[in-house]
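Please examine the sequence and the structure shown below. The explanation that follows them is meant to be read with both in view.

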Amino acid sequence: MAGLELLSDEGYRVDGRRAGELRKVRARMGVFAQADGSAYLEQGNTKALAVVYGPHEMRGSRSKALHDRALVNCQYSMATFSTGERKRRPHGDRKSSEMTLHLKQTFEAAILTQLYPRSQIDIYVQILQADGGNYCACVNAATLATIDAGIPMRDYVCACSAGFIEDTPLADLNYVEEAAGGPQVALALLPKSDQIALLEMNSRLHEDHLEQVMEAASKACKDVYAVLDQVVRDHVHEVTTLLGE
Amino acid sequence: MQRTEKVLQLRGLQGRSVRVVREHYLRPDVPCRSALCQAACPRDGKLLSDDVTHYVVPDWKIVQDYLEILEFPELKGIIFMQTACQAVQHQRGRRQYNKLRNLVKDARHDCILFANEFQQYCYLPRERGESMEKWQTRSIYNAAVWYYNHCLGQLPVVMVTEDEDAIREYGGETEGVFVILFKNYLDNFWPDLKAVHELYDSILQSRRERESESQENNGKEYPEHLPMEILEAGIKSGRYIQGVLNVNKHRAQMEAFVRLQGASGKETDLQSDILIHGTKARNRAIHGDVVAVELLLRHEWKGRTASLCENDTEEKAPGDTSSEPMPTGRVVGIIQKNWRDYVVTFPSKEESQSQGKNAQKILVTPWDYRIPKIRISTQQAEALQDCRVIVRIDSWESTSVYPNGHFVRVLGRIGDLEGETAVILVENGISVAPFSEAQTCEMPSSTSENPWKVNPEEELKRTDLRNTHLVFSIDPKGCEDVDDALSIRTLANGNLELGVHIADVTHFVAVNSYTDIEARARATTCYLADRRYDMLPSILSADLCSLLSRVERYAVSVMWELDKNSYEILRVWYNRTIIQSSYKLVYEVAQGLLDGDLSVVDDILELKELDERTRQQKLEELVWAIGKLTDIARHVRAKRDSCGALELEGVEVRVQLDDKKNIHDLIPKQPLEVHETVAECMILANHWVAKMIWENFPHQALLRQHPPPRQEFFSELRECASAKGFSIDTRSNKALADSLSKADDPLDPTVNKLLRSMATQAMSNALYFSTGSCPEEEFHHYGLALDKYTHFTSPIRRYADIVVHRLLMAATLKDTEVDVTVNLFSNKDLEELCRHINNRNRAAQHAQKQSTELFQCMYFKDKVPETEERCTADGVIYSIRTNGVLVFVPRYGIKGAAYLKNKEGLVISCQSDGSCVWKPGSLQRFQNRITSTTVAGESFTLSLFDHITVKVSVQSSRCHPDTIKLEIISNIPYKNTATELYQKNFHIMKTDLVKEVTRSAEEALLAQEKNRVEVIQEEHQEYCQTKGVSLYQLLEEIRDLALLDVSAGN
C-alpha cells in the first residue's frame, strides 16, 4: 500500500475530519489526591496524564535555585505500552529529553515564576497512548494540572499541531498523518494575548506557506482553549457544589 | 463544529498481526451531490444530474473489475461509494485508483463519489467475524438505501453486483432500491450499447481464463516478483536500483535498458543505463514500467550490440556483441506498471492454423515493436483478421510466457490510410473525438448573417486600440489561425511604442468550462502530414480568436516604450485590448516591402479598393512600420547574441522546420529576414510575460526551461565533425553556435545541416514547468539564452499559453481588490499540468513524425524500385555501424539504415564503374569508416559524409508499421539533373508527396464507390431495387466530401 491518501478530493482526511477540525478533546482535572495538581487529557487517541507539585523548596542540589524566580522542573515520559511497538525505557532517551526541554521552556513562559523566588515547581507528564500530537497533549494536560494546583499563570497555554499536505494546512495531526513525513508545526499559544510560548517545526516548508500553516495552528489552539476553559469551569463548578453546597 | 466520534478497531497486518486502533469521525453533513436533493446539502462542485431514469450504485467488485465499462460516457448517474473506492485503492493499487479518481473529477462524466463511511447514518461498523467482502457489500447497500431515502424516493436506485448472495439477501428488502447482477443491468438498461456488451464479454472471458490458470499453476516461466516492502527496503539500502524500463526498438527480444531514476543513482557509481539482457531477466516488465533491478556480478555483464539489425530476425548468434561490457542486471520487481491501450494485429490465417486448434486463445502482435505478443481470448478472430484492433493487458502470471489481455475495439483495416492514421493516434494516446454538444454550446455564435460583435460592456473594460494603432499580422500563406499581430508607432515624446497583440482566447474559454477541460486534455493542436486536430473548436481557432484584417477582435497586448535612438526598453505594460488589424500580410509580401520591391503591393488585398493617393500614403506607413520593426528586432537579437544566444536554426527553428514542413509546406528553406523579425518580437513578448508572471506568482507561474545538455552526448557530434576536419566546441551555448557556423563545407551544404541536426539531437527538449517546483537557477533557457521564458503567443494551439494568459491577467489585476488567485492553479496542480502538457506535446510530435513516415512509405509502396526513376536517390552517410551505415537522403528527408552485409553473410563490393554487387567477404569497422573486403581481395571503403547512391524501397510488414529500406547501389554520388532541382525545391517535393498519397487514397475510395454502384446494379436486377441514390449513399457521399475537404485544406 504505497502512500495513503491523506486528504481526499472531497476534503476528508483519513479519519473523516475536514482540514481544520480537531480531534475530540476530553479532559478531567484533579485525578490524584496525592499531588498538588493533576489532570488527564485525551486528544483523540492520544492520552496524557500530568501532575504538578509545588511551588516548594528546592530539592536535590540547592545550588540550582534561582534568586529571583522559581525553577520549573519538567519530566516527560512515555509509557512502555503507549506505542505500537513496546518501548524499551519510558524516559531519558534523546526524544524524551528534548520534549522535556520544550515543556520547560513553554511553562517558564507561562507561569508567573517571579512570584516564588528560590523555589521549585515540578511538572511530570506521561503519555499513556501515543497517536500523534504528543507534545500538544502534554502541554494541554500540564496546563490543566497547573491550574488545578493553583499556580498563577499569565494565561492558559494551549498547544496544537498543524501540517501541510496537498497544499492545504491540516490542524491537529494524528499518527498516520505525522508518519507520512510532511512538514509539521507544533505551536503553544497564550490565546488571550496571542503570544507564542513555543513554536517548533520539522521537515521543510516553503516560506510562502508558513503563514497559512501558522494561521491554521493558532486557530486550532484557540479551539483547544475553548474546550479547556469549559473543562476548568465544569471542574470548579463541581468542586464548589461538593464543598459549599 | 459538531462532531461525533467512533473508535474503530482494525486489525492491520504489518509483518505480523498488530491490532491498530484508529479514530473514525462521523458527521451528518456529508453532501449528497445530487441535483435532486431537497435537503440543505451544499451544492458546490460537481453534481449528479437529475435527468436520468435511475441512479446506479456499483458494488466494490464491479468497480474493481469493470471500471472500464463504467467509464463509458453513456452510463449516467453513477454513484461511487467511498467503500468501493477504498477497496480499489487497497486491492488494485494506485494506478487503477487514480483512474477512478480522474473519472470522478472529470466534469464530462455524470458520476460522483459519495463519502458514505463518514456519513453518520450510512456508516456500519464491521461486526465481529464478518468478512471484509461481506461488510463492504453491506455498507454499500446501506448507503444506497440512505441515498434513496435522502432523495425522498424521487428516483429508483439500482445497486449492481456480482454477488448472488447479496441479491438474495437484500433484493426485496427496500422498495425502490434494486439489487441486480451487472450482466442483467447491462442487458435490461443498455441493450443497444453494443460496445459495452462486447467489452463486458471480453473482460469476463479473460477473468475466467486467469482463474482457471491460477489453479493449474505449474511450470513457472518467470521468477516471482518480490513484494513491495522488500523492494522499497532494497532500494533504500542500495541493493536494488529503481528506474524506467526502455526496450530497444531494434532488438526488442534481447535488449532493454533501465534508465536510473532519482536518488538511487547517487550512491552507486553507475554512470550509464543498466542493460537487461533477454526476456527472462526482464521478468515480465513491459516498456515504460518503473522497475527495481538487481545488478548481476561483474563477470556476467554483457555488451550492447552495435550492429544494425532487422526486427524479424530471431536471437542472433552469440559473439555478435562487440562493445564493452556494461552494467547488466535483472528485474526483481515492478514498482509501477504503465500499461496502456495497445494496437495489435491478429495473425493471418495460415499463421493461426499453425498455432493449433486452440482457437480460444490467440497470440496477437502489437504494432509497437517494444511490446511483447499478447494472448487474448476471443471468438471473433476470423472477423478481425485484417483489422487493426485495440487490446488491453490484464495480467501477466509467472506461469505464462506472454501476457493475457482482452479485446477492446476495432480501429480500421490494415494498410488503409484512415485506419493507419487511427493507429498512430491511439499509439500516442491522442484523442480526436469531435467537440461535444455541451462544448459547442458554450461558444458564442457567429454566422455570416449575424456576425459576432464587440460587447459594449467589454468595450469599457478594455483599452481601445482600433483607431490609434496600425496593427498588422504577418503569417504564412493560407494560414487560418492568426494568433499574433504587431504594431509600432512613434509617441508624442519621440520614443517608439512596440506592441505585440495576441488573441484573447481566455475571454471565450472560461476556467473549468467544458471547452477548457477538453482543451486541457488535448493540450495542443496536433498536426499530422495531411490533417490537423484542433485543440479548440474551429469557431474560435479560425474565426473569433483569429486576428483577421478589418474585423474587431479582443486581444491581450504587450506594449513597450522604446528609446528612439538606443531602442532601450523604458516601460512595459500589459493590457486587455480591442484591436482591428489593418493588414494580413504574407511573409513573402512583407519581405518584398522591406526590400523595397513594390511589385508585391498588388498582393495586398486591403489596399486594392483604395484610390491612388490614400493608397500611396497607407503604403508608406506600412513600409515604415515594417522597416522599423526589423530594425528593432535586429537590435534585440544582437543583444541576445552578446549574452550567448545559440544560433536559432541550430535549436528551435530546426525543430520547428520539422514541425512546419508539413503544415506550411511552402516556407522556403532559406528563412527570410521577416521570419526572424516576427520570431524575435514573439520571443521578446514571451520573455517579458515570463518575467511578469514570475514576479507576481513566484511559486505558481508556468515557465519554459531548456536545460543545458550533458557534454557526453556531444561526443558523437565531435567525432563526426572531426572526420570532416572541423572542431566543435560544446562548452557553452555561444561556443557551440560559433563553431557550428564555422563547420560549413562550401562544397556540400548537407554536412552543416547534418551536424546541426546532430547537435539538436544531443540536446534535451525544452519543457514547461512550475516555478514553485524548481530552484531559480534552473529557469534558464539554454537555446535562447534567456533567464526566463514562457509560451504566450499561441493560445489557439497550445494550452500552456492559455494558462499563461490567465496568469498574466491575474497579475495585472493584482493591485485591485478583486481576488484574482481563485482561478489559478496551485503549484502542485500546475506541476501536474506541466507534466501532462509536456507529455501531450511529445506525443503530438511522435504522431506527426510517424504520420510523415506513413506517408513516405505509402508513396514508395506502389513504385517498382527497379524501374521507377524516383526510387533512386543520393544519400549521405552520417553514422557507421558494424554491419552497415546510417544514411540520410536529403531529397526525401529520410534517415535509414543500409546494410553492407546481408543475411547470407555476403558483403557488398564495388565494381569499377561504381555499381555494387553482393559477394562473400568480411567487414571491418573503424572509427569513421568501414571497409568491406571480398574473398577475392577486392576491398572498398565508405567513410562518414560520403555521398552514395541508394535505392529506396518499402519493407512492408503485416503487424508493424512499414519501414523504408535503403539499399546501396553505387558508391558514387547519384548524378541527375533533377537532383539539383529537387534539392532546391525540397519542400515542394514534400508537398507533392503528401498530395500524391492523398490522391491515391481518394482513388481507392472512388474505386470502392464504383464497386458499390456495380453491386447496386446487380441488386437491381435481382431484387428490382429502386435505382438511384438511397439516403445511405447520400450520407456516405457527404462523408467522403468531408474527408476530401480536410486533405484539400492542407
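The paragraphs below treat a group of strands and then a pair of helices in chain B of this predicted model.

Strand β22 of chain B, which covers residues 484-490, is a suitable place to begin. Of its 7 residues, 5 are buried, so β22(B) is largely enclosed by the rest of the structure. A residue is called buried here because its relative accessible area is under 20%.

Which strands are joined to β22(B) by bridges? One is strand β21 of chain B, residues 471-475, which runs antiparallel to β22(B) and is joined to it by 2 bridges. Within this pairing, B:Phe472 has B:Leu486 as its bridge partner. Another is strand β23 of chain B, residues 496-503; 7 bridges connect β22(B) with β23(B), and these two strands also run antiparallel. Here B:Ser487 of the pairing is matched with B:Gly499 in β23(B). In a regular strand, the side chains alternate between the two faces of the sheet.

β22(B) and β23(B) form a hairpin with 5 residues between the strands, and in this hairpin B:Gly494 adopts a positive phi near 90 degrees.

The helices come next. Two packed helices are described by the angle between their axes and by the distance between the axes. For helix α25 (residues 799-812) and helix α26 (residues 827-861) of chain B, the angle is about 150 degrees and the axes lie 10 Å apart. The two helices are therefore roughly antiparallel to each other, because an angle over 145 degrees counts as such. On the α25(B) side, the contact is made by B:Tyr799, B:Ala800 and B:Val803, and on the α26(B) side by B:Leu830, B:Leu833 and B:Ile837. The residues of this contact comprise 6 nonpolar, no polar and no charged.

Key. Residues are numbered from 1 along each chain as its sequence is written. Chains are lettered from A and ligands numbered from 1 in the order in which they are written. This is a predicted model: local features need pLDDT of at least 70, side-chain atom pairs count only at pLDDT 80 or more; totals for chains, interfaces and linings use all residues. Side-chain values use heavy atoms; hydrogens and water are left out. Buried means under 20% relative accessible area, exposed over 50%, partly exposed in between (1.4 Å probe, protein chains only). Helices (H or I, at least four residues) and strands (E, at least two) are DSSP runs, numbered from the N terminus. Two strands pair if DSSP finds at least two bridges between them. Axes are lines fitted to C-alpha atoms, for helices over the stretch in contact, and angles run from 0 to 180 degrees between N-to-C directions. Angles under 35 degrees count as roughly parallel, over 145 as roughly antiparallel, 65 to 115 as roughly perpendicular and the rest as oblique. Contact means heavy atoms within 4.5 Å. Ala, Val, Leu, Ile, Met, Phe, Trp, Tyr, Cys and Pro count as nonpolar, Asp, Glu, Lys and Arg as charged, and the others, Gly among them, as polar.
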